[in-house]
Protein chains: 4
Amino acid sequence: MKKGMMDKTLDFEQGAYIIIMYSFRNDYSEGAAPAVMQALFDTNLNQTVGYGGDDYCQQAADKLRQVCHAPDAQVHFTVGGTQTNVLIIHSLLRSFEAVISAASGHIANHETGGVEAKGHKVCTIETPDGKLTPTLVEAVLAGHSSEHMVAPKMVYISNSTELGTIYTKEELQGLRACCDAHGLYLFADGARVASAIAASDVTLVDMAELCHVFTFGGTKNGLLFGEAVVFAPDVDATHFRYFMKQHGALLAKGRLLGVQFLALLEDDLWLKLATHANAQSARMREGLDALHCEYFVDSPTNQSFVMLENKVIEALKDRGYEFEIEGLEGETVTCIRIVTSWATPQEAVQQFLADLGTLL
Amino acid sequence: MKKGMMDKTLDFEQGAYIIIMYSFRNDYSEGAAPAVMQALFDTNLNQTVGYGGDDYCQQAADKLRQVCHAPDAQVHFTVGGTQTNVLIIHSLLRSFEAVISAASGHIANHETGGVEAKGHKVCTIETPDGKLTPTLVEAVLAGHSSEHMVAPKMVYISNSTELGTIYTKEELQGLRACCDAHGLYLFADGARVASAIAASDVTLVDMAELCHVFTFGGTKNGLLFGEAVVFAPDVDATHFRYFMKQHGALLAKGRLLGVQFLALLEDDLWLKLATHANAQSARMREGLDALHCEYFVDSPTNQSFVMLENKVIEALKDRGYEFEIEGLEGETVTCIRIVTSWATPQEAVQQFLADLGTLL
Amino acid sequence: MKKGMMDKTLDFEQGAYIIIMYSFRNDYSEGAAPAVMQALFDTNLNQTVGYGGDDYCQQAADKLRQVCHAPDAQVHFTVGGTQTNVLIIHSLLRSFEAVISAASGHIANHETGGVEAKGHKVCTIETPDGKLTPTLVEAVLAGHSSEHMVAPKMVYISNSTELGTIYTKEELQGLRACCDAHGLYLFADGARVASAIAASDVTLVDMAELCHVFTFGGTKNGLLFGEAVVFAPDVDATHFRYFMKQHGALLAKGRLLGVQFLALLEDDLWLKLATHANAQSARMREGLDALHCEYFVDSPTNQSFVMLENKVIEALKDRGYEFEIEGLEGETVTCIRIVTSWATPQEAVQQFLADLGTLL
Amino acid sequence: MKKGMMDKTLDFEQGAYIIIMYSFRNDYSEGAAPAVMQALFDTNLNQTVGYGGDDYCQQAADKLRQVCHAPDAQVHFTVGGTQTNVLIIHSLLRSFEAVISAASGHIANHETGGVEAKGHKVCTIETPDGKLTPTLVEAVLAGHSSEHMVAPKMVYISNSTELGTIYTKEELQGLRACCDAHGLYLFADGARVASAIAASDVTLVDMAELCHVFTFGGTKNGLLFGEAVVFAPDVDATHFRYFMKQHGALLAKGRLLGVQFLALLEDDLWLKLATHANAQSARMREGLDALHCEYFVDSPTNQSFVMLENKVIEALKDRGYEFEIEGLEGETVTCIRIVTSWATPQEAVQQFLADLGTLL
């Protein structure tokens, strides 16, 4: 990125800044979307009070409530996803209460036991596509009947899931009904909720209406960092700032979160960025289909889980491509995850497909 | 801050961007120092791996080790101070082990029980100036003799302290000798260590040599956010990243920390910024002395604790000045804290003193 | 104790089983009062369900509710004091909420940070006699004003205190009013509440009426082990058994607690035992007064804190007497704690006083 | 049990005290074995120091070391199983370290998240018979590769397991070799280890040699309560008493544990009691075989898992028999658990079988 580059509009389609060997490892490989960086610049020397008590945070919270059609929602801004998941769960559960999660759920697998470190058990269920259903939830409940076991009190889902799959509105309604029937909180981890919304019939309004609490992730959608937490009005989150501070999650220069989310919410930037990310993955999958590749799971969002021969994977690495290996390496075939983001140039996808084509 | 302003050098002394009614509330009221913002800008679209595994972090850690003359020090970068204090303490202590702190220590008073939330007791000692001494430490040890009590295992100091006071090199040497004699870790919270170093005979080399672990704070010295943790080579911090991740303290775009600290360490920027902050407070105290003001405690750093009549305090607030009230309000006189920072223009100090002069 | 001795009544005043050199170290130096042992014997082979779901526990809880005139009180039986304190506090507080205690409080000093290990800060206040007052409580509250500090939510007192002092009914009423005014729980640790009641105008009915929760200690009043927890009807303790089980505090053979407490509550045995213990201490203090001894603090219960010359203390030890040294050893004079119990024979007191008389 | 009954020997085979409708619900339905009660009786009024510092505990620890041929083993006595499991795990693991357990393991299922409440994740594996193997352990390890996941550090087994199955010496040797190869602790929960030993080629000497730590359970083998913890000499358990006290697991009258374990270890009483329990279950299974009953799992110890028609189960309950329902009720057939103990009279087994015979 060149000095002064902030003065022009970032043109996704022209891709003037293409890097030949692209990393498809993640959707947080770059910094922030240009408009977000610009907003940080423009407000840099304005003095504000600390810890999120500033006007930017207030305005961003108001804007998010407005976008969600949830004027009484309780909004907080945090720095990162693991921190946020742990805080939400810990603030709502007592120590004997547990959270139900897919076995592939981020809190179950990729947070180094953060929930357990706060004292709560994660009850996991195997599920082929990373999604929970009322039936799966009720199977867990059936096994917990007395004070000799934990008491499940929350259902944790991610949307999109760790496998790139998404919930339909009807599925979310079903889960919420199940939660209501059993006195459970429904918590949706929205680290990639923008990508899910861009790919489904679910809206932010639905998320706010159907979840007791959800996160609106910024880190993977164009912010330097930042997650917004949205509690429904009837959830007791009065003391969430105490939990945040105790955990070291009240950012001193909290304004940075307000400023960034304001920029992200302006003119639906968040949706535009997610739509771009999804579109690049759709292009990628079109190309993979044409190459007769197979998938571990079908995903309509910005993650693709492709089965490739190990020697092909090695060859791609040799050419400089980066991506995650999913699960354990197979004997001859292994699953790789390809992720696109708000920043992925179309040319990077085309180049990858072209190179892959020569290897198959 | 105007668009394009990054193209020129921020001129502290000219103060072209003076805000008439200045906030002396804290040293994190603004964003980042210009060079830091510029570095974030310049690296924004470079792709890197996440979670601090990138080259920027590596280079920044190397640079910090070099500045500390500590080639084998273990360096980690974190987002905020409370998070960092909690992590350091939790990673080194077992649950029955306690940390000794001045009663005014940040971990004892202003972290919402973050250390306790991780399971550890903070043993506090009253001290007039916020500083610990071997005598005070040993008084705590004397009261802990069996498994019916916690076992003190760490001494926590802050330098500069929450009262703006600082340790001399000799005092640090004495504390370290005391810790060695009793098998205790010496941990220095350096949220404001740059200011302390700029005002004392202590250097970063001394900090690295005399502390088992210390932090080198960026948030209060010109970064958007960021603390560097420096463990001495002989401290077992092998698994610190596990603790970080579990706590949600591994920043996804960890590069942001590396980039910022690289900028801060370049050409001793950190020391220049701290020197500027201290100089503004020195000017402030010269003016306060001339107005015959009295102090709650003498501080040579960027914080001043001034006793003012309540009606004067109210009048200052009415004029738009901001500052912290320290402790409880007195009947007629109350202590206020005035903080200057890398961003404080000299004119803001002069204006404040002029306005105060008319009120006394 | 001889085989078959259970067949006769234990005669406190005859003291047929006097041990010449008596231990005044504590009130849990022996096993159980004879009637309690007998009850354990008599029920030993009756089969019951585990974990306190048995009839003995049910009957004991009913009996305790009856004695307390609190038909809706929630009663649980636990094994030991530290476990119980920790459980009560943890079950009622969220992690950012703190408990206020005298600096000499058992939870602050002699439980190895058990409360902190569950995540809660103990806010301590210095107090000369181990007792809290509304003024002291409000001083703590005044220092806690925002989410940057813990939120005090409970007042912990012990009655009798760790210094053997007791609360009057009026004092308890004052504390409860203070708690009500500030939304705090009042929790009384009654490890020695029988001794307090035997020495004051406070009754079990008062304890149940004035405390949100209190414990009725058995370990120090004639049981092998056992504490009863009494929650007021309006306190949400619905899930206390979950907390107990999670902590490993649901005794498999919970019946042992029911059987013992039934025996202790039968015919006011608890009060008779405590009255005996207090009477022996009163005799002790009469004798000490006659010997012109001085006290660290005046106590009307079964603990006496006596200042003795170090050489006298050594001589007593040489003769085989046992007692606790309180605090740090003085240069020439040190405080020792002399404790009597339900099992202390009058002759042991007389012998001690006689021996001490020869040493002064 | 009649008054004075302690004067005669309890005669298992004569069964003078038969209760017609017996509870096979658990092996802790009665109090203590007569010799244990007698020992408590005989030592009741001897004064000792508290918290396990007494001679009885010292002698019992020595005796256990002797029986284990482990003169340098570190022995501690605790009250209950859940408490003990949690303490052992918490004392050896750091918060990011996890324990591997069969999905049916007691710590995974029946301790209300006690391990998680101390901050540690339990990594579970499905296993048909409740037993772990090196292959299963290594499958868990393979899935944990970085600081984004917990680090497995301990293998938890129970012997006998929650399904009544047992490990052979060779299997234990294999698990220990696996643990050594991967730097894991091997911890065996011996709540029912006496029953396992009475039914297998494994001895206490083997347990002490092959496990880094194991428990020798008393509660389910004739004590009122009590578990002995045996750490191998090379495990750092120096501060275990701190962990115990912090958790509220240091019994004030710790002597009760020493006295009971001394009685249990005397003349191999522990093995005699376990052999009696196993023999009753063997008789039970002989009878069930003759009635052509089927089992959920084959168990050679004091637990039997029998599949019965729901109507038969109801009829048995109607006659007053007690037992546990295992798992969820089936449509027509459900698994019940039948447990015998040191106290189970042969006549109770015969009566049950006779009654069952009339119902099939």
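**View 1. Arg192(A) and Asp27(A) pair up in a salt bridge.** In this predicted model, the closest N and O atoms of the two residues sit 2.6 Å apart. How many salt bridges are counted between domain 1 of chain A and domain 2 of chain A? The count is 1. Polar contacts add to the picture: 13 residue pairs link domain 1 of chain A and domain 2 of chain A this way, with both partners at pLDDT 80 or more.

**View 2. Here's what domain 1 of chain A brings to its side of the boundary with domain 2 of chain A.** Three elements of chain A each put in at least two residues: helix H12 (269-290), strand E8 (294-297) and strand E9 (303-309). Which of them gives the most? That's H12(A), with 7 residues. Sorted by type, the residues on this side come out as 11 nonpolar, 8 polar and 4 charged.

**View 3. Domain 1 of chain A meets domain 2 of chain A.** On the domain 1 side, 23 residues are in contact, and they touch 29 residues of domain 2 of chain A. Putting the two domains together buries about 2,100 Å², and carbon and sulfur atoms give 61% of that area.

**View 4. Stepping back, chain A splits into two domains.** Domain 1 takes in 5-31 plus 270-359, while domain 2 covers 36-268. How far apart are the C-alpha centres of the two domains of chain A? They lie 27 Å from each other.

Definitions and conventions
Residues are numbered from 1 along each chain as its sequence is written. Chains are lettered from A and ligands numbered from 1 in the order in which they are written. This is a predicted model: local features need pLDDT of at least 70, side-chain atom pairs count only at pLDDT 80 or more; totals for chains, interfaces and linings use all residues. Side-chain values use heavy atoms; hydrogens and water are left out. Domain bounds come from an automatic or database domain assignment. Contact means heavy atoms within 4.5 Å. Buried area is the accessible area (1.4 Å probe) that two parts lose on being put together, summed over both. A salt bridge is a side-chain nitrogen of Lys or Arg within 4 Å of a carboxyl oxygen of Asp or Glu. A polar contact is a pair of N or O atoms within 3.5 Å; within protein, one must be able to donate a hydrogen and the other to accept it, and residues adjacent in sequence count only if both atoms are side-chain atoms. Helices (H or I, at least four residues) and strands (E, at least two) are DSSP runs, numbered from the N terminus. Ala, Val, Leu, Ile, Met, Phe, Trp, Tyr, Cys and Pro count as nonpolar, Asp, Glu, Lys and Arg as charged, and the others, Gly among them, as polar.
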